[in-house]
Amino acid sequence: MADEFVAKALQKAHNVGDKIWCRIISNEGKFTEVNLTDAALSSALGGVTFPLCLGALQTVFFRPLRITSNLRLIGCVCGSFSLLISGSTASLAFLSSILLLRENNDSSVDVLTDKLHLRVPDRCPVAISVCYKDTPLYGFASLVVFKLLGGKFRSVLPSSLIHPGAFARGYIPAKGQNYASVAVRQKLTLLGKKYGCHSCGKRWRTSFVGDHMPPNKLVRKGQRQWFYPQCTSCSSLQGAAVSSMSRLLRVKTHGSSLRLYHLWLPLPIPLALLRNYVSDKSDMQDSDIGSDIED
Ligand SMILES: [Zn+2]
């Protein structure tokens, strides 16, 4: 029974994959009219795909390779690479969704979109050119938006529990290896609520402790230390990781901690509008030149 269900699900997934691929081939370079409802639904899909993809890359790629946010140069390069891949994937999901919503004959989807069409009048449909070859360009544009919204390229990589993490923005100088005083803990709690745990980004439903950086067990003689706000969960993970010889335990992923810079914008639409504008402008210039020659 279970095997039959899995086989049916795989067959269905295969059919959907084939359908999407056929749409990609048949619509490449063609203009497709997009209405507001389809654009909103597809943008939501792209908006979910972007952080999901960033989180998946952390887990399946960067954590096993132990590439973490504290590595300055490699971190910047790998973070940019991750953003390019995730931005391109979200744009691909957006474009595929636009085409599928337009052409899908599935009645359940039709009923849903029909209901939404009744609520949201499509007053300004836009014709966009569907070019999957442009997805690297969309990925690059997503990277620019990420930076403009205040993101650091390295912050999309996992945190190292023995270094300042991906969310490390505020810190307080530590006087030696002693625990933080009450006054320092209060300041660290404020920093934690504002920026989150420096390792995992968690801001709510946790208390914060003062995390020595470098950790007390690893600090060299005479080296200065700072307190960073850290959640209790990461603090106990760090304790186990520092004692253990496993370097993998020292890597903490944080795919579910979202910030404003994880916002994905439906960039294929403004870029397509820009292309439409440039193409209309050059057509007008061509026709002007043609009429001048005729005169
Ligand atoms: Zn944490």
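## Contacts, core and annotated spans in a predicted model

Setting aside neighbours within four places in sequence, Cys197 is in contact with Phe167, Gly192, Lys202, Phe208, Pro229, Gln230, Cys231 and Cys234. The model described here is a predicted one, and its protein chain contains 8 helices and 7 strands.

Cys197 also appears in the largest nonpolar core, which has 42 residues and in which Ala90, Ile98, Leu157 and Cys197 touch the most other members. At least two residues of this core come from each of helix 2 (36–65), helix 3 (72–103), helix 5 (135–148), helix 6 (182–195), strand 5 (208–213), strand 6 (225–231) and helix 7 (232–243), and helix 3 provides the largest share, 9 residues. Across the protein chain as a whole, 32% of the 295 residues count as buried. Of the contacts between residues at least 6 apart in sequence, 84% join residues that are at least 24 apart.

The UniProt record, an unreviewed entry, lists residues 39–61 and 73–101 under "transmembrane region". In the model, residues 39–61 are 100% helix and 0% strand, with 31 Å between the end C-alpha atoms; residues 73–101 are likewise 100% helix and 0% strand, and their end C-alpha atoms lie 42 Å apart.

Two further positions, Ile172 and Pro214, can be described through their surroundings. Ile172 is placed in strand 4 (residues 172–174), and it counts as partly exposed because 17 other C-beta atoms lie within 10 Å, a number that falls short of the 20 required for a buried residue but exceeds the 12 allowed for an exposed one. Once neighbours within four places in sequence are left aside, the contacts of Ile172 are Val184, Lys187, Leu188, Trp226 and Phe227.

Pro214, by comparison, is found in the loop between strand 5 and strand 6, and its 15 C-beta neighbours inside 10 Å are why Pro214 is classed as partly exposed. Not counting residues up to four places away in sequence, Pro214 touches Val219, Gln223 and Gln225.

The table sets out one C-alpha pair for each of these two positions.

| Residue pair | Separation in sequence | C-alpha to C-alpha distance |
|---|---|---|
| Ile172 and Gln225 | 53 residues | 9.0 Å |
| Pro214 and Phe227 | 13 residues | 9.1 Å |

Phe227, which is paired with Pro214 in the table, is also one of the residues in contact with Ile172, while Gln225, paired there with Ile172, is among the residues that Pro214 touches.

Terms used: Residues numbered from 1 in each chain as written. Predicted model: local features only at pLDDT ≥ 70, side-chain atom pairs only at ≥ 80, totals over all residues. Helix = DSSP H or I, 4+ residues; strand = E, 2+ residues; numbered from the N terminus. Contact = placed C-beta atoms within 7 Å. Core = buried A, V, L, I, M, F, W, Y, C linked by C-beta atoms within 7 Å. UniProt positions renumbered as here; feature names shortened; annotations may be inferred.
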